[in-house]
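Reader: I am new to this structure and should be grateful for a close look at one part of it. Please explain how that part is put together, and begin with any term that the explanation requires.

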Amino acid sequence: MTEPSPLLRVRDLKTYFVTEHGSGTARAVDGVSFDVRPGETLGIVGESGCGKTVTSLSILRLIPEPPGHIRPGSFIEFEGRNILTLEPRELRAVRGNQIAMIFQEPMTSLNPVFTVGDQIAEAAIVHQHLTSAAARRRAIEMLQLVGIPDPAERVDHYPHQMSGGMRQRVMIAMALVCHPKLLIADEPTTALDVTIQAQILELLERLQAELGMAVMLITHDLGVVAGTADRVVVMYAGQVVEQASTVELFARPLHPYTEGLLASVPRLDAPQQGRARGRLHSIPGQVPAATAWPDGCRFHPRCPYAWDRCRAEEPPLLDANEGREGEPGTHRARCWLVAEPQRRTARP
Amino acid sequence: MNVWNWVALGGAAVAALVVVAAVRRRARASVSGRRFFRHPTAAPGLFVLAFFVTIALAAPLVAPYQPYEQIDIDHLQNDAPSTRYILGTDPFSRDVWSRLAYGARISLGIGALAMLVAMTIGAAVGATAGYFRRWVDTALMRLVDVGLAMPRIFALLVVVALWGHIAVPVLVLLIGLTGWFATSRLVRAEVLSLREREFVAAARAIGAGPGRVIVRHVLPNAAAPIIVSAALGIGNVMLLEAGLSFLGMGVPSPAPSWGNMIADGLPKMAVAPWSATFPGLAISLVVMALNAVGDALRDALDPRKEAV
Amino acid sequence: MPGGGRPSLVAVQDLVKHFPGERAWFGLGRPRTVVRAVDGVSFAIQAGQTLGLVGESGCGKSTTGRAILRLVEPDGGRVTIDGLDVLTLGPRELRSLRRRMQIVFQDPYGSLNPRMTVRQMLVEPLVIHRIATGASAGAADAERRVAALLDEVGLNATFGRSYPHELSGGQRQRVGIARALSVEPEFLVLDEPVSALDVSVQAQVLNLLAELQERRRLTYLFIAHDLAVVKHIADEVAVMYLGKIVERAPAGVLYAAPRHPYTTSLLSAVPVPDPTAQRHRIVLAGDVPSPVRPPAGCPFHPRCPHPKKNDRCRTEPPALREVAPGQLAACHFADDPL
């Protein structure tokens with residue numbers, strides 16, 4: 001079948017950090033591969049320490065060079081161009097222009113001494129070479145687009161005069177000024193109240209439809225991913241451990257980590273059981289340190305199904321749909337259970 | 001200087017090196033320790049301090065003469081440095097090196113003790129003002145404002161002039177009492193932010209009274225600026241003492257302090273520069289060393305710098 | 001009173017806490033603005049039960065929890081623990097009451113003293129309340145108690161020697177819980193205890209809290225903004241908005257049939273981990289308001305999506321009244337919910 005070629009191709013990305021005094025090297029991202037297709041929303045899900053933020057920063061080469069570095073052998077391609085070999089000038093033409101990024105904490109990502117109008121206009125001036133008057137008009141347009149009331153007045157406000165939700169909208173406006181093809185959103189709603197989160201997610205959906213943009217949404221909230229992502233990549237210990245379409249992932253999670261995560265989230269739609277509500281399923285143990293990933297499968301110390309092979313051999317991403325119904329290559333999991341499903345015995 | 005003096009002097013240098021090496025080894029185990037020694041001037045500064053402290057402690061061993069001893073008032077005034085009197089003699093025919101060694105006790109001692117007095121009062125006042133706030137804070141801080149506005153050296157001169165001859169312990173107290181104001185502001189600022197931290201609320205929640213909260217929870221976490229301020233402040237105190245002694249209002253002759261040694265030697269500066277220069281150099285060295293160590297400490301103890 | 005005739009362990013009535021804003025006259029005059037953080041809150045919790053207190057930022061739920069414990073001094077109202085009037089106690093009586101009521105904080109990184117070891121933190125309450133005194137027999141007793149506490153919260157005894165920065169978020173939170181339990185309280189205020197934790201750790205800590213409640217017969221006030229978490233652990237839920245409770249009901253009732261439009265909006269805004277769920281998401285307009293200048297009339301009216309919203313909502317603040325057995329709501333249209 002013919003598919004549009006991916007907008008972003010990441011292959012075998014490895015980003016390591018040197019730590020002080022010989023704690024060893026932190027292998028924060030250790031061989032991550034995925035695609036982002038034009039116009040789709042890809043959700044990247046994982047808990048702290050899994051490497052999702054470092055992945056997103058690596059794509060735009062925002063990793064501070066010491067102590068971090070992107071290892072040779074990593075490959076990042078955007079619209080056919082290799083990001084990792086771009087000259088600084090060409091890279092700057094991509095950042096903010098073709099690929100834009102919004103962050104978790106809108107207060108610290110906005111410069112407190114400049115008006116929001118100035119900050120939005122800056123991207124327009126730098127990339128589109130607009131005059132300041134034209135850029136200001138554009139800024140007002142963008143504020144309107146992201147749903148800020150009274151944009152002509154607000155354009156001269158400072159970040160501290162705005163609430164968290166508004167600041168996040170300003171961030172989105174800044175990111176979208178140049179109509180990027182890809183928006184990387186790193187936990188954009190985590191710091192916001194739930195009713196504001198709903199507003200921002202709805203805004204992102206609307207803008208994505210209007211502008212035909214692809215979105216890479218990084219989050220730890222499975223509910224957010226279920227509501228907005230087309231495909232999901234689950235990360236653990238610096239690797240992709242499962243990737244599938246959203247519906248597939250929630251209906252048929254293959255990797256025990258994904259399974260565990262889904263089972264341990266308290267759910268609003270669970271039947272109320274009163275006092276006999278019982279325990280939440282919890283994944284035993286904790287995330288290992290990036291300087292000392294376990295041997296073999298990195299999840300094996302916490303996995304209820306682990307057997308000898310898991311301790312000895314690190315599994316590659318295996319295709320779950322090989323030789324069965326379902327499109328090959330659309331659901332992959334880094335787990336030996338894909339090869340030996342009979343070992344998926346009931347949990348004790 | 002006889003052979004034993006030289007041996008003792010060498011021993012002092014070795015002792016100082018050993019101390020620095022030992023500190024360095026201990027420091028390697030912690031992030032702040034490593035950060036401390038990343039400053040190129042930290043280790044030399046530490047060495048200079050250790051060296052002078054050792055000299056001060058071992059003064060009887062390294063000094064060939066007594067500091068008051070006027071060796072030969074007729075012939076040995078303002079004698080240039082020689083093998084016998086390695087730093088020369090002063091206008092009263094006293095051995096400059098011996099006076100320097102014994103003077104270290106007084107100058108360093110006054111520096112450290114006065115600083116201790118100032119730190120204690122400053123921390124107590126600052127913590128009280130910062131923790132209790134409201135009128136206590138307002139009252140104390142207005143007092144501090146007055147103290148900061150007061151020209152310190154003039155106030156000390158007035159007191160000394162009125163009092164006449166003052167003993168060294170009293171001098172220590174006076175310098176300490178006039179020097180705590182800036183520290184109290186620093187401590188108050190730290191305490192203001194610390195008292196909002198949740199572990200302070202937790203301490204109150206388990207039933208700790210204000211005294212326990214301040215002493216066991218707040219102050220240990222406010223220690224960093226206090227320590228840095230102390231290190232840098234000792235230098236200030238030494239300069240102050242030197243200035244007072246230079247003006248004749250500090251440590252009374254014939255007790256040697258680096259300040260009054262400069263005063264004694266200044267009239268003969270043109271013909272016999274050594275009696276004023278060497279103590280001056282000593283003061284400069286120690287103050288620079290304290291500044292270097294203080295700077296390195298400030299970086300090392302800065303809680304905002306996270307280790308990778 | 002919900003739950004039948006059993007006596008309440010904790011009863012709060014018309015609790016008020018205002019924070020003054022800027023004062024005129026260099027800090028000595030009257031404040032120009034007032035933040036009405038807690039503006040007349042009432043509820044009761046029976047022994048062994050959990051009340052979930054939910055709301056978004058600025059609604060006053062954390063302040064309520066701290067005011068009950070007198071970590072901030074309330075400006076009005078009445079709080080009783082087992083019949084004892086908390087707000088009129090003197091310092092010594094308050095200190096002994098602290099043994100019966102404790103708090104666990106949200107931030108596992110900020111709620112532990114970075115300069116104390118775990119052991120020191122757990123021994124301190126024992127010393128303050130003379131539960132195990134420092135004499136030789138007492139010292140052994142203290143060690144025993146510390147070991148037992150660590151075991152109870154699922155930490156190895158060797159953690160006693162650790163400093164907070166050596167522990168993970170989940171481990172620090174367990175230490176915070178152990179510290180609260182060291183004085184053997186009956187009532188625990190849990191101020192967003194799992195909000196700062198990862199999903200998998202969150203589940204572990206929630207299970208621990210449920211276990212402890214069973215074993216020690218504890219009463220919980222569980223403050224949170226995550227409605228799904230509260231659903232899992234609470235028997236009764238109160239929803240706060242701008243310093244007031246706008247709805248209060250047993251958990252099952254509140255989640256199935258909310259009567260206040262804010263509760264309904266809040267519930268619909270929570271993302272559910274099910275991509276096939278058909279959700280009618282009510283998206284509220286406008287920002288979460290600041291408690292400095294609450295609107296006149298019903299505090300929720302500027303954002304309220306109820307189709308029947310009218311002038312009465314703009315001028316008359318609705319009273320919190322019983323609209324169904326055990327369920328209270330503060331809305332003029334509580335009988336005609338969204």
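Author: A salt bridge is counted where a side-chain nitrogen of Lys or Arg lies within 4 Å of a carboxyl oxygen of Asp or Glu. In this predicted model, that rule finds zero salt bridges across the interface of chain A and chain C. The interface itself brings 44 residues of chain A into contact with 45 residues of chain C. The size of an interface is often given as the accessible area lost when the parts come together. Between chain A and chain C the buried area is about 3,800 Å², and carbon and sulfur atoms contribute 54% of that area.

Chain B may be examined at the level of its helices. Two packed helices are described by the angle between their axes and the distance between the axes. For helix α5 (residues 96-132) and helix α13 (residues 274-301) of chain B, the axes come within 11 Å and cross at roughly 35°. The crossing of α5(B) and α13(B) is right-handed. On the side of α5(B), the contact is formed by V96(B), L100(B) and L108(B); α13(B) supplies W274(B), S275(B), F278(B), P279(B), A282(B) and V286(B). Of the residues in this contact, eight are nonpolar, one is polar and none is charged.

A single residue of chain B completes the account. L143(B) belongs to helix α6 (residues 134-149) of chain B. L143(B) counts as partly exposed because its relative accessibility is 45%, and partly exposed lies between the limits of 20% and 50%. Leaving aside residues up to four places away in sequence, L143(B) touches W180(B) and F181(B). F181(B) is 38 residues from L143(B) along the chain, and their C-alpha atoms are separated by 8.8 Å.

Note on methods:
Residues are numbered from 1 along each chain as its sequence is written. Chains are lettered from A and ligands numbered from 1 in the order in which they are written. This is a predicted model: local features need pLDDT of at least 70, side-chain atom pairs count only at pLDDT 80 or more; totals for chains, interfaces and linings use all residues. Side-chain values use heavy atoms; hydrogens and water are left out. Axes are lines fitted to C-alpha atoms, for helices over the stretch in contact, and angles run from 0 to 180 degrees between N-to-C directions. Helices (H or I, at least four residues) and strands (E, at least two) are DSSP runs, numbered from the N terminus. A crossing is left-handed if the near helix is turned anticlockwise from the far one by less than a right angle, and right-handed if clockwise. Contact means heavy atoms within 4.5 Å. Ala, Val, Leu, Ile, Met, Phe, Trp, Tyr, Cys and Pro count as nonpolar, Asp, Glu, Lys and Arg as charged, and the others, Gly among them, as polar. Buried means under 20% relative accessible area, exposed over 50%, partly exposed in between (1.4 Å probe, protein chains only). Buried area is the accessible area (1.4 Å probe) that two parts lose on being put together, summed over both.
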